[in-house]
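Got the model open in your viewer? Let's go through it one selection at a time.

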Amino acid sequence: MGHLNRMLKRGQVTIFIILGLVILIIIGFVFFQRINRTDTISDTQSDERFVTSQIEPVKKLVVDCVNKESLKGLRLIGKQGGYYKPSRFKTVGDFDIAYGCFISNGERINNLPLLSSVSREFDEYMNSDSTQNEIAKCIDDFKFFSESGLIVEDGTLVVSSNIEYNKVGINMNYPLTISKGDYSASVDRMFGEIYVGLGKLHKVASDILNDECTGTKFNTDNYIRDNEPLSTIGMQYYNGNTFVYLSSITEGKEEPSDFHFVLQNA
């Protein structure tokens with residue numbers, strides 16, 4: 001009987017040991033899961049903070065690259081009389097200078113585009129394959145950011161503009177997904193500004209052509225005397241045409257710019 005009691009007690013001890021081990025295993029598993037989950041949450045929060053901190057630098061890179069090409073495009077279009085690809089022009093060096101006024105069937109035709117049309121010409125330049133390739137080279141697939149573990153996936157860049165008196169607003173529709181680890185953020189719209197007096201040069205060109213295209217000889221001296229100084233005005237006569245060269249008088253942070261066009265003489 002005593003032997004049986006000792007065996008029962010041993011059995012009970014064994015069961016308690018097994019139960020204890022099971023409980024310890026369960027507690028250890030739960031503890032491990034909690035640590036693992038906490039680490040995962042901590043990693044995600046860290047990735048979120050990092051991605052959030054990099055959104056503005058990514059946007060700045062895009063805006064800087066677009067602005068760089070924008071200034072080139074605005075200067076080209078200014079030197080070509082408001083056109084990216086003019087249909088009536090005289091080639092001078094690398095530029096196709098548009099006719100601001102030409103004669104058709106004995107009638108003088110004002111060929112200066114409206115400022116809204118100049119914006120569309122600029123948009124065509126910015127969205128052309130060659131310009132998009134130059135912007136892509138500048139961005140260089142966001143390699144600078146990839147070195148820190150950031151992944152930037154991009155869509156198609158579309159640029160539109162609004163040319164004002166002494167600046168140009170540039171709207172960029174450019175879908176971006178910026179991610180690290182399990183966290184990602186999306187950006188699709190950015191905005192830039194170029195301070196360049198294309199609008200005021202267009203005004204001077206319009207004033208000149210309002211005279212010249214109605215048969216009135218434009219008087220440079222009187223115009224400079226009676227109007228706000230917006231640009232220098234140069235005219236060169238050659239082979240039946242007058243080449244007009246306007247250069248902006250800049251203020252503040254305004255970039256210098258030119259506006260050229262041709263007058264066809266009778």
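Start by selecting Asn241, which sits in strand 9 (residues 241–248). This is a predicted model, so keep that in mind as you click around. Is Asn241 buried or exposed? Asn241 is buried, with a relative accessible area of 7%. Now show its neighbours: leaving out residues up to four places away in sequence, Asn241 touches Lys90, Tyr99, Gln236, Val262, Leu263, Gln264 and Asn265.

**Zoom out for a moment**

Colour the chain by secondary structure and you should find six helices and 10 strands. The protein chain has 266 residues, and 36% of them count as buried. If you draw the contacts between residues at least 6 apart in sequence, 61% of those join residues at least 24 apart.

**Next stop: the cysteines**

Show the cysteine side chains as sticks. How many disulfides are there? The count comes to two disulfides.

Select Cys65 and Cys138 to see one of them, with an S to S distance of 2.1 Å. Cys65 is in helix 1 (residues 2–79) and Cys138 is in helix 3 (residues 129–139), so this bond ties together parts that are 73 residues apart in sequence. Check the torsion about the S-S bond too: it is about -75°, so the disulfide is left-handed. Switch on a surface and compare the two ends. Cys65 is buried at 2% relative accessible area, while Cys138 is partly exposed at 33%.

Now pick Cys101 and Cys213, whose sulfur atoms are 2.3 Å apart in the other disulfide. Cys101 belongs to strand 2 (residues 95–104), and Cys213 to the loop between helix 5 (198–212) and helix 6 (220–226), so the pair links parts that are 112 residues apart in sequence. Both Cys101 and Cys213 are buried. If you number the bonded cysteines in sequence order, the pairing reads 1-3, 2-4.

**Into the largest pocket**

Go back to helix 3 and turn on pocket display. Which residues line the largest pocket? Select Gln132, Asn133, Ile135, Ala136, Ile139, Asp141, Asp154, Gly155, Thr156, Leu157 and Tyr174. The space in there is about 170 Å³. Helix 3 gives the most to this lining, with five residues. Colour the lining by character and you get five nonpolar, four polar and two charged residues.

**Two odd backbones just past helix 3**

Step along to Asp140, in the loop between helix 3 and helix 4 (143–146). Most residues other than glycine have a negative phi. Asp140 has a positive phi of about 55° although it is not a glycine. Asp140 counts as partly exposed, at 37% relative accessibility.

Then select Phe142, which is also placed in the loop between helix 3 and helix 4. Phe142 has a positive phi of about 55° as well, and it is not a glycine either. Here the surface view tells another story: Phe142 is buried, with a relative accessible area of 3%.

**Two helices to put a ruler on**

Select helix 2, residues 115–126. Run a distance from its first C-alpha to its last and you get 17 Å for 12 residues, close to the 16 Å expected at 1.5 Å a residue. Which of its residues are buried? They are Val118, Ser119, Glu121, Phe122, Asp123, Tyr125 and Met126.

Try the ruler again on helix 5. Its 15 residues should span 21 Å at 1.5 Å a residue, and the end C-alpha atoms are 21 Å apart, which agrees. To see the buried residues of helix 5, select Leu198, Gly199, Lys200, Leu201, His202, Val204, Ala205, Ile208, Leu209 and Glu212. While you look down the axis, remember that an α-helix has 3.6 residues a turn, so residues three or four places apart point the same way.

**Last stop: a long-range pair**

Finish with Tyr183, found in strand 7 (residues 183–194). Tyr183 counts as partly exposed at 22% relative accessibility. Add Val51 to the selection: the two residues are 132 apart along the chain, yet their C-alpha atoms are separated by 7.7 Å.

How values were computed. Residues are numbered from 1 along each chain as its sequence is written. This is a predicted model: local features need pLDDT of at least 70, side-chain atom pairs count only at pLDDT 80 or more; totals for chains, interfaces and linings use all residues. Side-chain values use heavy atoms; hydrogens and water are left out. A disulfide is a pair of cysteine sulfur atoms within 2.5 Å. Helices (H or I, at least four residues) and strands (E, at least two) are DSSP runs, numbered from the N terminus. Buried means under 20% relative accessible area, exposed over 50%, partly exposed in between (1.4 Å probe, protein chains only). Contact means heavy atoms within 4.5 Å. On a 1 Å grid over the protein atoms alone, a cavity is a set of points where a 1.4 Å probe fits but cannot get out, and a pocket is an open set with protein on both sides within 12 Å along at least five of seven lines; lining residues have an atom within 4 Å of a point. Grid points are joined across faces, edges and corners, and a volume is the space filled by probe spheres set on the points. Ala, Val, Leu, Ile, Met, Phe, Trp, Tyr, Cys and Pro count as nonpolar, Asp, Glu, Lys and Arg as charged, and the others, Gly among them, as polar. The expected span of a helix is 1.5 Å times one less than its number of residues.
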